[in-house]
Amino acid sequence: MTERTESAVRLVILLAIAAIAAMAGAAAFTHVHDLSVAHGQPNWIGWANAVAVELMTIYLGLELRARRRAGRPVGLVGSLLVAFALLSLAAQVAEAHPSVGGWVVAAVPSLAFLALVKVVLSNAPVTPPAVEPDQPDAYRYEEPADATEVEPVRPTVPPPPIVPAALPPRAVQTNRPHVVGIIR
């Protein structure tokens, strides 16, 4: 493909990802919000719950990717990701018509959102391996070159002795008792 065609394909993919994310995210946010409000939460708390559940799923996906790349443990983050994904999915299904078809259709936005996050986060940029400069072998020993000029060794002069500084005279009169912390 030409460079122009490749750029067009990437733009179409980016637009498709943005559209899927926007629609699936809006549906997932709305279902979590509606479920929260239906169970007695005020409107703003319903939106706060939606933001917490849906954005934690995205954050945990990003954190999981970063930890895997760094070689750090992913157990807790993976468990939290599954828990928040199940919360989102539960909100989708709870708002659905009570039938298998209703549950499947209601689960689509949450599953599409999770699949999109997984696909986008699993795409690692292809980078060519870094060219390492030639470095000497750690076990190789090279003979030093013959020195033609050697600087003469100068004798070291010992430092002068340290003399303690004279202490200042006492600031407190000797006939007055010295009490720390009490002001008279």
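Two residues are in contact here when they have heavy atoms within 4.5 Å of each other. By that yardstick, Leu81 touches Thr57, Leu60, Gly61 and Leu64, leaving aside residues up to four places away in sequence. The model is a predicted one, so to speak of local features takes a pLDDT of at least 70 and side-chain atom pairs count only at pLDDT 80 or more, while totals for chains, interfaces and linings use all residues. Residues are numbered from 1 along each chain as its sequence is written, and side-chain values use heavy atoms, with hydrogens and water left out.

Leu81 also sits in the largest nonpolar core, alongside Leu60, Leu64, Val77 and Phe84. Such a core is a set of buried Ala, Val, Leu, Ile, Met, Phe, Trp, Tyr and Cys residues joined through side-chain atoms within 4.5 Å; buried means under 20% relative accessible area, with a 1.4 Å probe and protein chains only. Helices H2 (43-70) and H3 (75-94) each chip in at least two residues of this core, and H3 gives the largest share, three.

Zooming out, the chain has four helices and zero strands, where helices (H or I, at least four residues) and strands (E, at least two) are DSSP runs numbered from the N terminus. Of its 184 residues, 18% count as buried.

How far apart are the end C-alpha atoms of helix H1 (residues 3-38)? They are 52 Å apart, which agrees with the 52 Å that 36 residues should span at 1.5 Å a residue, the expected span being 1.5 Å times one less than the number of residues. Among the buried residues of H1 are Ala24, Phe29 and Val32. Just after H1, Gly40 takes a positive phi of about 95°.

Note on methods
Buried means under 20% relative accessible area, exposed over 50%, partly exposed in between (1.4 Å probe, protein chains only).
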